[in-house]
Amino acid sequence: MYTQAMDLIAKEAGNTTPATAEPEAYQREFDAKIDRGDFIEPKDWMPEGYRKTLIRQISQHAHSEVVGMLPEGNWITRAPTLKRKAILLAKVQDEGGHGLYLYAAAETLGVSRTELIEALLSGKAKYSSIFNYPTLTWADVGVIGWLVDGAAIMNQIPLCKCSYGPYARAMVRICKEESFHQRQGYESLLVMMREGTPEQKAMVQDAVNRWWWPALMMFGPPDSESVHSPQSMRWGIKRVSNDELRQKFVDATVPQAEVLGVTLPDPHLKWNPERGHYDFGPINWKAFWDVINGHGPCNRDRMAARRRAWEEGAWVREAAEAYAEKAKRRATTHPTAA
């Protein structure tokens with residue numbers, strides 16, 4: 001769901017100069033497709049920098065969907081009602097499916113799923129910083145749906161028009177399912193705020209206080225510090241800047257908070273009639289980078305869980321490979337039986 005990789009890619013991705021006359025012609029054709037708004041497909045020629053940027057972004061997005069199952073999965077056995085448990089199970093299952101769509105999209109760029117996962121487990125690849133915070137109460141599950149999935153939708157809708165075809169097509173379905181996630185989170189909070197006890201209402205406010213600023217950080221660093229965004233926007237991978245998306249999210253969320261009856265934890269938050277937008281306070285970017293660099297509250301726990309899942313799932317991968325090899329031999333030996 002999450003594209004902070006835009007601002008974390010290595011400098012070599014910017015080198016797209018063709019080495020020979022033939023690639024120059026391919027480069028012109030590629031640029032023309034981008035200018036026309038056409039999709040780039042897996043068999044099309046593309047600059048190496050474009051390919052590497054997509055691998056980094058799509059793989060981080062996939063990793064984020066899978067790691068994102070952990071904070072809410074923690075509450076499946078403790079959901080307050082059967083209805084809430086069923087909804088949460090469906091949501092966590094959706095996130096796993098999103099990861100599969102995105103890993104498949106990344107594989108069309110010539111990288112294997114094993115390589116992508118090993119990069120995550122080694123620490124070379126990143127996932128969204130938002131999942132390195134704990135879910136302390138049931139209200140956190142609702143606030144994640146409202147704020148975190150709401151920010152994800154804001155970030156991801158433009159990706160439905162990403163220049164790379166497989167990624168754009170995957171995002172269409174993902175965005176539809178994320179909209180369900182956002183609605184169910186908001187509805188859960190609305191019930192607690194309208195029908196809950198004073199303690200439950202305080203629990204919701206506490207969760208909002210803890211998740212508001214990390215949600216704003218999901219859009220990545222400010223445009224002035226996002227050195228790779230211009231090239232990504234030129235390639236049509238990124239369509240809207242970090243600051244524009246963040247402002248759009250704030251503008252949409254403040255009225256929702258008023259309906260809920262919660263206070264967003266920002267004393268500087270107010271409507272600016274001259275700009276036609278809400279002003280909001282400064283973001284603690286040091287905290288953002290601390291989490292990105294592995295020093296968040298749950299970084300170690302999240303990676304330990306993923307490593308454990310990878311190790312414990314080894315027998316499944318081995319069995320699947322053995323079955324595929326057996327089927328291949330059978331098809332070669334007995335073609336009609338296949």
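**Exercise 1. Decide whether E72 is buried or exposed, and list what surrounds it.**

Solution.
- Start with accessibility. This is a predicted model, and in it E72 has a relative accessibility of 3%.
- Apply the cut-off: buried means under 20% relative accessible area. E72 therefore counts as buried.
- Place the residue. E72 is found in helix α3, which covers residues 69–73.
- List the surroundings. Not counting residues up to four places away in sequence, E72 touches L88, K91, V92, V141 and I144.
- Look for a polar partner. The side chains of E72 and K91 are joined by a polar contact of 2.6 Å.

**Exercise 2. Judge whether the size of the protein chain agrees with a compact globule.**

Solution.
- Count residues. The protein chain has 338.
- Get the expected value. A compact globule with 338 residues would have a radius of gyration near 20 Å.
- Compare. The protein chain has 22 Å, which agrees.
- Add the dimensions. The C-alpha trace spans about 70 × 50 × 35 Å along its principal axes.
- Add burial. Of the 338 residues, 51% are buried.
- Check the contacts. Take those between residues at least 6 apart in sequence: 80% of them join residues at least 24 apart.
- Finish with secondary structure. The protein chain has 13 helices and two strands.

**Exercise 3. Describe how α12 and α13 pack, and classify their orientation.**

Solution.
- Fix the elements. Helix α12 runs over residues 299–312 and helix α13 over residues 314–333.
- Recall the two descriptors. Packed helices are described by the angle between their axes and the distance between the axes.
- Read them off. For α12 and α13 the angle is about 40°, and the axes are 4 Å apart.
- Classify. Angles under 35 degrees count as roughly parallel, and 65 to 115 as roughly perpendicular. α12 and α13 are therefore oblique to each other.
- Name the contact residues. α12 supplies W310, E311 and E312; α13 supplies A314, W315 and R317.
- Sort them by class. The contact of α12 with α13 has three nonpolar, no polar and three charged residues.

**Exercise 4. Do the same for α7 and α10: give the angle, the axis distance and the residues in contact.**

Solution.
- Read the geometry. α7 and helix α10 (residues 242–260) pack at an angle of about 35°, with their axes 9 Å apart.
- Take the α7 side. Its contact residues are Q182, Y186, L189, L190, M193 and R194.
- Take the α10 side. Its contact residues are Q256, V259 and L260.
- Sort them by class. The contact of α7 with α10 has six nonpolar, two polar and one charged residues.
- Visit another part of α7. A170 lies in this helix, which covers residues 165–195. A170 is buried, with a relative accessible area of 12%.

**Exercise 5. Work out the burial and the contacts of I55 and I58 in α2.**

Solution.
- Locate both. I55 lies in helix α2, residues 48–67. I58 is in helix α2 too.
- Check burial. I55 has a relative accessible area of 14% and is buried. I58 is at 0% relative accessibility, so it counts as buried.
- List partners of I55, leaving aside neighbours within four places in sequence. They are L109, V111 and L116.
- List partners of I58 under that rule. They are L102, A105, A106, L109, Y164 and Y167.
- Relate sequence to space. I55 and E195 are 140 residues apart in sequence and 46 Å apart in space, C-alpha to C-alpha. For I58 and R173, the figures are 115 residues and 15 Å.

**Exercise 6. Find the side-chain polar contacts of T137 and S229, and state the burial of each residue.**

Solution.
- Begin with T137. It sits in the loop between α5 (113–122) and α6 (138–156).
- Check burial. T137 is at 18% relative accessibility, so it counts as buried.
- Find the polar partner. A polar contact of 2.9 Å joins the side chains of T137 and D140.
- Add other partners. Leaving aside neighbours within four places in sequence, T137 is in contact with W75, M203 and R210.
- Move to S229. It lies in helix α9, residues 229–234. S229 is buried, with a relative accessible area of 7%.
- Find its polar partner. The side chain of S229 makes a polar contact of 2.8 Å with the side chain of K238.

Methods. Residues are numbered from 1 along each chain as its sequence is written. Side-chain values use heavy atoms; hydrogens and water are left out. Buried means under 20% relative accessible area, exposed over 50%, partly exposed in between (1.4 Å probe, protein chains only). A polar contact is a pair of N or O atoms within 3.5 Å; within protein, one must be able to donate a hydrogen and the other to accept it, and residues adjacent in sequence count only if both atoms are side-chain atoms. Contact means heavy atoms within 4.5 Å. Axes are lines fitted to C-alpha atoms, for helices over the stretch in contact, and angles run from 0 to 180 degrees between N-to-C directions. Angles under 35 degrees count as roughly parallel, over 145 as roughly antiparallel, 65 to 115 as roughly perpendicular and the rest as oblique. Ala, Val, Leu, Ile, Met, Phe, Trp, Tyr, Cys and Pro count as nonpolar, Asp, Glu, Lys and Arg as charged, and the others, Gly among them, as polar. The radius of gyration is taken over C-alpha atoms; the globule rule is 2.2 Å times the number of residues to the power 0.38.
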